[in-house]
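Open your viewer and get ready to make a few selections. We will go from the whole chain to single residues, one stop at a time.

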Amino acid sequence: MAVRKTVREVALDVLVAVEEREAYSNLLLDHALKESGLSARDRGLATELVYGTIQRRLTLDWILNDLVKKGVSSLAPWVRQLLRMGVYQLRYLDRIPDRAVVHETVSIAKKRGHRGISGLANGVLRSYQRRRREWQLPAQPETHRELALVTSHPEWLVRRLSGVYGMEETKAMLEANNRPPRSSVRINLLKGDREEVAERIRQKMPAVAVEPSAVSVQGLVLSGGGNPAASTLFREGWYTVQDESSMLVSEILDPQPGERVLDGCAAPGGKTGHLAERMADEGVLVSCDIHSHKVDQIQDQVRRLGLTIVEPRRTDMRELVGSEKPFDRVLLDAPCSGLGVIRRKPDIKWSKEPREIEALTDLQKQLLDAAAKLVSPGGILVYSTCTLEPEENSRQVEAFLDGHPDFYPDITLEERLPEIVREQAILGEGWVQILPHHFDSDGFFIARLKKS
Ligand SMILES: C[S@@+](CC[C@H](N)C(=O)[O-])C[C@H]1O[C@@H](n2cnc3c(N)ncnc32)[C@H](O)[C@@H]1O
């Protein structure tokens, strides 16, 4: 029988895979936890170790570069990650005794490396224990570098965001990125109303506290009890796991039963399901994505939610122009830099580069041009992203409106928002920008545009 990995070995392997394959931490971790056979408590610890070590990377490397002679970049990836994970536990996790951290780290080093590596691990962690007071950070960071170090985000990102939102707001946003995401679900309107679904969840999962979301009328916030996607209620389509601000996108498009609707960049299908539910599963909903494996994910959602009006297609949305009749409503939930979802995928902050943002804005512009042609006169176009970058958001919309005089911003967007969002989020003409600390949700930009 194969020997089961310990919780720290599971976490370490995920950390190494994220770095080497440049894959998303949440996907790799989900997969590793499923295979691991770890108890629920250890799964919680593995999750904390993976997210925490990635989140705090800059601060951890700042310390390790003082403790490792040639610096962390000189180490083999697994040794680098092992030391980061060790210092992370000593610095940020009070509930694990220091000696347990040192012991576990050195055991993995012994098992996987030679004596030199276990000696290094032991020396580095013990030096950190002795000298930990040397690495003090200011409570009120004043420079970009200090804010980068305190919140552990790349300096280019701190510079860029504080140029737009100011130091105070940026600090709040970056701190929110280091907090664990809230767990929320969108109730399936085709099955019941919010109170009915909440009651079912309470009965099925008594350990879970269920509260209505203040951000979305279809949202429920869950706390204190496992993974909502593992429940039979999820498999039976009573709800979909979705972030609260992301739910606002389909609410703002507000498709009606019987209409012809396009979800142009649809996979994995979270918003497709939402649109169809709001259409009472009546009408036509073309849901396309450029990647075929992702179209399968849309298909899975449709099946699970028991929807009949969705037509999943593998296609480049731009190719629909000329071959499809216009739509009453179009959702363009565009590919973006994802800076609003760093809390869920902390590796994004280390893998994204400023030049990628420029390439993305080009693609978004092309998709918007195509979307404009696919909306029928009098129809609605909603453009959304899960990023915070004006180049991809408000400026993208301004440029679109300049180039498309037949479109105008729909100011009814404001009255479609719940009071708390109107009061706290950033509102523009026909658009809203939600930042991660506003509601401890994902950062989202949503614009509602009307064709005359
Ligand atoms: C932000 S994600 C969409 C998330 C989705 N709306 C949801 O709520 O589940 C953007 C998607 O656009 C797809 N995409 C990128 N370029 C595309 C194109 N030219 N045509 C259609 N889909 C595209 C990507 O594969 C990706 O799945």
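Here is a tour of the domains, the ligand shell and a few residues around it.

Before you start, note that this is a predicted model, in which local features need pLDDT of at least 70, side-chain atom pairs count only at pLDDT 80 or more, and totals for chains, interfaces and linings use all residues. Residues are numbered from 1 along each chain as its sequence is written.

**Stop 1: the domains.** Colour domain 1 (7-134), domain 2 (145-177), domain 3 (183-241) and domain 4 (244-451); these bounds come from an automatic or database domain assignment. Between domain 2 and domain 3, the C-alpha centres are 33 Å apart.

**Stop 2: the ligand.** Now select the residues near the ligand, meaning those whose C-beta atom, placed from the backbone, lies within 6 Å of it. There are 17 residues around the ligand, and Cys265, Gly270, Lys271, Met317 and Asp333 come nearest. Helix 14 (270-278) and strand 6 (284-289) are the elements that give two or more residues to this shell; helices (H or I, at least four residues) and strands (E, at least two) are DSSP runs, numbered from the N terminus. You can also turn on the "binding site" feature from the unreviewed UniProt entry, with Cys265, Lys271 and Asp333 among its positions; such annotations may be inferred rather than shown by experiment.

**Stop 3: Cys265.** Look in the loop between strand 5 (260-263) and helix 14 for Cys265. Cys265 is buried because 22 other C-beta atoms lie within 10 Å; the cut-offs are 20 or more for buried, 12 or fewer for exposed and in between for partly exposed, with C-beta atoms placed from the backbone. Beyond four places in sequence, its contacts (C-beta atoms, placed from the backbone, within 7 Å) include Asp289, Met317 and Asp333.

**Stop 4: Asp333.** Follow that contact to strand 8 (residues 327-333), where Asp333 lies. Asp333 counts as buried because it has 24 C-beta neighbours inside 10 Å. Leaving out residues up to four places away in sequence, Asp333 touches Val249, Cys265, Lys271 and Ser384.

**Stop 5: helix 14.** How many of the nine residues of helix 14 are buried? Eight are, so the helix is mostly covered. Arg278, also in helix 14, is partly exposed, with 19 other C-beta atoms within 10 Å. Show Pro255 too: its C-alpha atom is 6.6 Å from that of Arg278, although the two are 23 residues apart along the chain. After the helix, finish at Ala280, whose phi is positive, near 55°.

Note on methods:
Contact = placed C-beta atoms within 7 Å.
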